[in-house]
Amino acid sequence: MAAAAAAAAAPLPDIDASKLTVSVTKEPKAVYGLDNLAFGKNFTDHMLCIRYTEEKGWEAPEIKPYGPLSIDPAAFVLNYSIETFEGMKAYRAADGTVNLFRPEKNMKRLSTSAHRIMLPQFDQDQLLQCIKELVRLDQRFVPDKYGYSLYVRPNFIGTEPNLNLKYSREALLYVYLSPVGPYFPRTVKLCANTTEVRAWPGGVGNYKLGGNYAPAVRPAMEVEKSGYDQVLWLLGDDHYVTEVGTMNFFVYWINEQGERELVTAPLDGIILPGVTRDSLLVLARQWGEFKVSERKITMPDILRALKEDRFLEAFGAGTACVVCSVASILYNGSDYAIPVDPEDPAAVFGPLTKRLRNELLDIQYGKTPSPWAVPI
């Protein structure tokens, strides 16, 4: 009886990379040409799958050929959107080394998002070791051109077949890979949305949940039909500027105190804590050349800076695009031109945006040594 009680009290198995099994595909794909790397449409040979049950804990991780999942129609993910995901990349350096970029940040954010929707916790380092093995196995798909990379998409879903809305006692954590090229190789035009919001106080805008993205699809498609690239998400009567599309939003200007300032919205529970966002803030603060702030700004603030010729640049930042300069904003029926590079009318990036992008890419591609670049 004592032995049975001890067994019942024993901790359930966590993810264990030492138990990883690998089944290699018998039908390897040809490596995709760089001209055919539309974002998120091409996938590599293999995927990582790790199953969980509340009764037995985490099963042994498995790398197997990429293919469809088998899932019950009554699964939590299909009925109640019990799902979170991550976006990260692997980069090939000039010497052939393949690096991940600050992957521990993605593991931590995945864990935080999972906790919010009552998906089970996991050993973050052990999951990362499994992901590294997956990238090693399919590293021939990592492009060898600067600006190109291998997108890594971890997904974490509730799979228990149960319509009783409590929490999912079964889950699947799976990861697949997609070689990608530049996401926005040009400036972007934004349409400020004054009637719909992406996130709100007390909500889940600061978690990377699938349910946050579905409601944004229709507004995004509507602005595309009108000739714009992304939605600029506002909040409240003062039109607080929060995010742009699925990216964090940055403004570089001369503030009302006469200081050059790079500013982005604070992590106030509305904003997603982007890895690229954090990296750009760290780099800019290391330079020590201008003020760097995380604070609330509004559309009236932006319009006033434009009118007073204090506005220098604006850009979106995220894993997919790295950074993209903003060329215009439609707001309340009027189009406002946003400065990019006054010295070069054909510029794709503003001077600061370009500098930040180049410094970040040099780290990601191994040109600048940094602990942020983690070899697989």
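Biologist: Which residues form one aromatic cluster with Phe43?
Modeller: This is a predicted model, in which local features need pLDDT of at least 70 and side-chain atom pairs count only at pLDDT 80 or more, while totals for chains, interfaces and linings use all residues. Residues are numbered from 1 along each chain as its sequence is written, and side-chain values use heavy atoms, with hydrogens and water left out. Rings of Phe, Tyr and Trp (its six-membered ring) pair if their centres lie within 6.5 Å; planes under 30 degrees apart count as stacked, over 60 as edge-to-face and the rest as tilted. The partners of Phe43 in the cluster are Tyr66, Tyr174 and Tyr176.

Biologist: How are the rings of Phe43 and Tyr176 arranged, and how far apart in sequence are the parts that the pair ties together?
Modeller: The count of aromatic pairs comes to 18. For Phe43 and Tyr176, the ring centres are 5.7 Å apart and the planes stand at 75 degrees, so the pair is edge-to-face. Phe43 lies in the loop between strand E1 (21-22) and strand E2, and Tyr176 in strand E9, so the pair ties together parts whose separation in sequence is 133 residues.

Biologist: Are Phe43 and Tyr176 buried or exposed?
Modeller: Relative accessible area decides this: under 20% is buried, over 50% exposed, and anything in between partly exposed (1.4 Å probe, protein chains only). By that measure, both Phe43 and Tyr176 are buried.

Biologist: Which helix supplies the largest share of the largest nonpolar core?
Modeller: A nonpolar core is a set of buried Ala, Val, Leu, Ile, Met, Phe, Trp, Tyr and Cys residues joined through side-chain atoms within 4.5 Å. The largest one has 37 residues, and Leu48, Leu127, Val135 and Phe156 have the most contacts inside it. At least two of its residues come from each of several elements, including strand E2 (46-53), strand E8 (149-158) and strand E9 (170-180). The largest share, 6 residues, is supplied by H4.

Biologist: What distance separates the end C-alpha atoms of H4?
Modeller: Helices (H or I, at least four residues) and strands (E, at least two) are DSSP runs, numbered from the N terminus. The expected span of a helix is 1.5 Å times one less than its number of residues. With 14 residues, H4 should therefore span 20 Å, and this agrees with the separation of its end C-alpha atoms, 20 Å.

Biologist: How many salt bridges are there?
Modeller: A salt bridge requires a side-chain nitrogen of Lys or Arg within 4 Å of a carboxyl oxygen of Asp or Glu. Applied here, this rule gives a count of 20.

Biologist: Which residue meets Arg109 in a salt bridge?
Modeller: Both members of this pair are buried. The N to O distance is 2.7 Å, and the partner of Arg109 is Glu86.

Biologist: Where does Lys291, the salt-bridge partner of Glu259, lie?
Modeller: The closest N and O atoms of Glu259 and Lys291 are 3.6 Å apart. Glu259 occupies the loop between strand E13 (247-254) and strand E14 (260-264), so the pair joins parts 32 residues apart in sequence, with Lys291 in strand E15.

Biologist: Which helix holds Arg355, the residue that forms a salt bridge with Glu289?
Modeller: Arg355 is partly exposed, with a relative accessible area of 30%. Its salt bridge with Glu289 has an N to O distance of 2.8 Å. Glu289 lies in the loop between helix H6 (275-287) and E15, 66 residues from Arg355, which belongs to helix H8.
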